[in-house]
Amino acid sequence: MNKDALLYPLRNPHETTHDSALWNWAQNSVVGQRSQLQQPQSEAALQQLLRDTEGKVRVIGSRLSPGRMLCVQPDDLLLDLSALTGVLAHDEHSVTFAAGTLLQDIFDTLTTMDRMLGCSPGVIAVQTLAGAMASGTHGQGLGQSSLADEALRLRMVLADGSVRELQRGEDDFPAALTSLGALGIVTAVTLRTRPFRIFSCHKFAASADTLEQDLLTWNREHEFSKAWWFVDDNLMHVWNADQASAADAQAWHDNQREVVEHSDDADSSLNDTIDQTLAHMHRDTQIHGKGGKQFRTVTRFRDFTDITGDIYQLFCRGIAVPQINVEIAVPLANTPRAIERIKAWYAEKHPHMHYPIILRCTGPSDAWMSPAHQQESCFFGFVVYYADDGSLSQEGLHFLTQVEKLLAAEGGRPHWGKYYDPQRYPWREIYPQWDAFRAVRQRFDPQHRFSNDYLTALFD
């Protein structure tokens with residue numbers, strides 16, 4: 001099998017519900033057999049299961065990650081923690097959730113409490129809490145970092161069935177925040193909360209001529225900023241969000257706490273660019289007509305309507321479509337140079353653009369294995385959607401490969417829950433606590449029961 005097929009596997013486009021094999025969500029990888037899947041109904045049942053069994057163990061979460069993160073050998077276990085959900089405890093400043101709770105349920109629960117997390121959400125809310133933390137899920141805004149950084153306490157079942165509780169301030173806590181599932185099975189997380197706030201988001205188009213400086217300015221001057229870079233036409237679609245004015249917040253409450261749309265300025269400056277992007281996607285995916293969720297992710301870039309709502313209504317708006325998604329976190333100090341390098345490479349090679357580059361910046365993370373550990377970072381995101389027959393645009397994949405090279409050379413760290421080439425990264429150089437994490441792993445799981453071929457290649 002060639003390298004591209006390993007890094008960017010083709011998708012099985014057929015129904016797998018009755019298949020004996022268990023596939024990941026994108027259906028591009030078999031992670032095991034359904035007969036290997038266990039669904040403990042409580043933490044106590046999970047403890048007993050670990051005591052009564054041998055072999056490797058991986059938790060499947062929502063199966064959104066690449067299959068290599070989840071897959072096990074035929075005699076090993078796959079665990080589904082979907083029975084471990086809901087609120088376990090709460091006080092004025094925090095809420096404890098069972099680890100299998102979906103992010104959308106967390107956001108809804110906090111909203112009913114008039115509370116919110118201190119971090120911006122990712123775009124997809126069907127992840128489980130523990131899975132999102134373990135893979136480094138993040139949003140945008142330099143004043144916050146990843147979801148894991150909002151944890152105050154973790155409860156974890158170890159390989160022998162014992163329970164370990166960790167809390168912020170303990171030596172091992174930063175290792176457990178983003179663990180890749182390599183230390184134990186998280187069963188509960190206490191998240192700190194903040195008073196509920198409403199935000200207004202301003203959308204606009206801009207030239208990318210001065211993106212190197214503009215990106216930093218947008219992120220320094222606004223609480224949350226997200227941008228999409230249409231490299232072909234050197235244009236940007238930008239969202240900047242800040243706390244809403246009293247009048248806008250009142251309008252949101254008067255609208256039954258639903259999103260308020262302000263007047264649309266009918267900006268058509270991106271229309272030709274969007275039409276061109278849609279034409280590329282139609283060609284790449286072999287899908288004709290206007291149907292398909294992946295096309296809605298592009299057509300909405302025509303919309304420059306400013307909106308007011310809560311942070312989840314504004315930013316948790318992803319459309320889940322099977323795709324190859326590469327996301328690399330570059331130190332913010334290196335980001336202007338990274339943008340310059342992409343511009344120079346594009347000017348020389350004119351690579352095929354399947355989808356705009358997504359730009360989100362975050363503050364530094366406490367988690368040892370977070371791509372934003374100890375440094376403000378810009379996450380460069382790249383997407384190639386699958387065709388109806390499960391194939392992928394080879395030009396699109398070539399773009400992913402080449403741009404990953406550029407960003408790895410700028411000290412980039414890949415998002416653990418997405419696709420990347422592990423051979424491109426000098427792990428010890430880019431992660432200062434790499435060996436410290438390995439030492440914690442050895443103490444927590446000396447037999448490496450919570451491992452698989454993917455983690456063995458990384459850490460052993």
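Guide: Before we start, a term: a residue is buried if its relative accessible area is under 20%, exposed if over 50%, and partly exposed in between, using a 1.4 Å probe and protein chains only. This is a predicted model, where local features need pLDDT of at least 70 and side-chain atom pairs count only at pLDDT 80 or more, while totals for chains, interfaces and linings use all residues. Residues are numbered from 1 along each chain as its sequence is written, and side-chain values use heavy atoms, with hydrogens and water left out.

Visitor: OK, let's get the big picture. How many helices and strands does the secondary structure of the chain come to?
Guide: I'm counting DSSP runs, numbered from the N terminus: helices are H or I with at least four residues, strands are E with at least two. On that basis, the chain has 16 helices and 21 strands.

Visitor: What radius of gyration does the chain have?
Guide: It's taken over C-alpha atoms, and the globule rule is 2.2 Å times the number of residues to the power 0.38. For 460 residues, that puts a compact globule near 23 Å, and the chain agrees with its value of 22 Å.

Visitor: And what box do the C-alpha atoms of the chain fill?
Guide: The box is taken along the principal axes. Its dimensions are roughly 65 × 55 × 45 Å.

Visitor: What share of the contacts in the chain with a separation of 6 or more comes from residues 24 or more positions apart?
Guide: Contact here means heavy atoms within 4.5 Å. While we're on percentages, buried residues make up 58% of the 460 in the chain. For the contacts you asked about, the share is 72%.

Visitor: How far apart do the centres of the positive and negative side chains lie?
Guide: Lys and Arg count as positive, Asp and Glu as negative, with His and the chain ends not counted. Each charge is placed at NZ of Lys, CZ of Arg, CG of Asp or CD of Glu. The chain has 41 positive and 58 negative side chains, and the centres of the two sets are separated by 4 Å.

Visitor: On to the rings. How many aromatic pairs does the structure hold?
Guide: Rings of Phe, Tyr and Trp (its six-membered ring) pair if their centres lie within 6.5 Å; planes under 30 degrees apart are stacked, over 60 edge-to-face, and the rest tilted. With those cut-offs, the number of aromatic pairs is 24.

Visitor: Is the pair of Phe 224 and Phe 315 edge-to-face or stacked?
Guide: Phe 224 sits in strand E14 (residues 224–230) and Phe 315 in helix H11 (residues 311–315), so the pair ties together parts 91 residues apart in sequence. Both residues are buried. The ring centres are 5.8 Å apart and the planes are at 65°, so the pair is edge-to-face.

Visitor: At what angle are the planes of the rings of Trp 434 and Phe 459?
Guide: Trp 434 is buried at 2% relative accessible area, and Phe 459 is buried at 2% too. Trp 434 belongs to helix H15 (residues 434–444) and Phe 459 to helix H16 (residues 453–459), so their pairing ties together parts 25 residues apart in sequence. The ring centres are 4.9 Å apart, and the pair counts as tilted because the planes are at 35°.

Visitor: Which residues do ring pairs link into a cluster?
Guide: Phe 224 and Phe 315 turn up again here. The full cluster is Phe 199, Phe 224, Trp 228, Phe 230, Trp 239, Phe 301, Phe 315, Tyr 355 and Tyr 385.

Visitor: Now the backbone. Where is Arg 63 found?
Guide: Phi of Arg 63 is near 60°, a positive value in a residue other than glycine. Arg 63 is partly exposed, with a relative accessible area of 26%. Its place is the loop between strand E4 (57–59) and helix H3 (67–70).

Visitor: What is the relative accessible area of Arg 257?
Guide: Phi of Arg 257 is also near 60°, positive in a residue other than glycine. Arg 257 lies in the loop between helix H8 (246–254) and strand E16 (260–261). Arg 257 is partly exposed, with a relative accessible area of 29%.

Visitor: Leaving aside its neighbours within four places in sequence, which residues is Gly 118 in contact with?
Guide: Gly 118 lies in the loop between strand E8 (115–116) and helix H5 (129–135), and counts as buried at 10% relative accessibility. Leu 147, 29 residues away in sequence, is 8.6 Å from Gly 118, C-alpha to C-alpha. The contacts you're after are Gln 144, Glu 150 and Arg 194.
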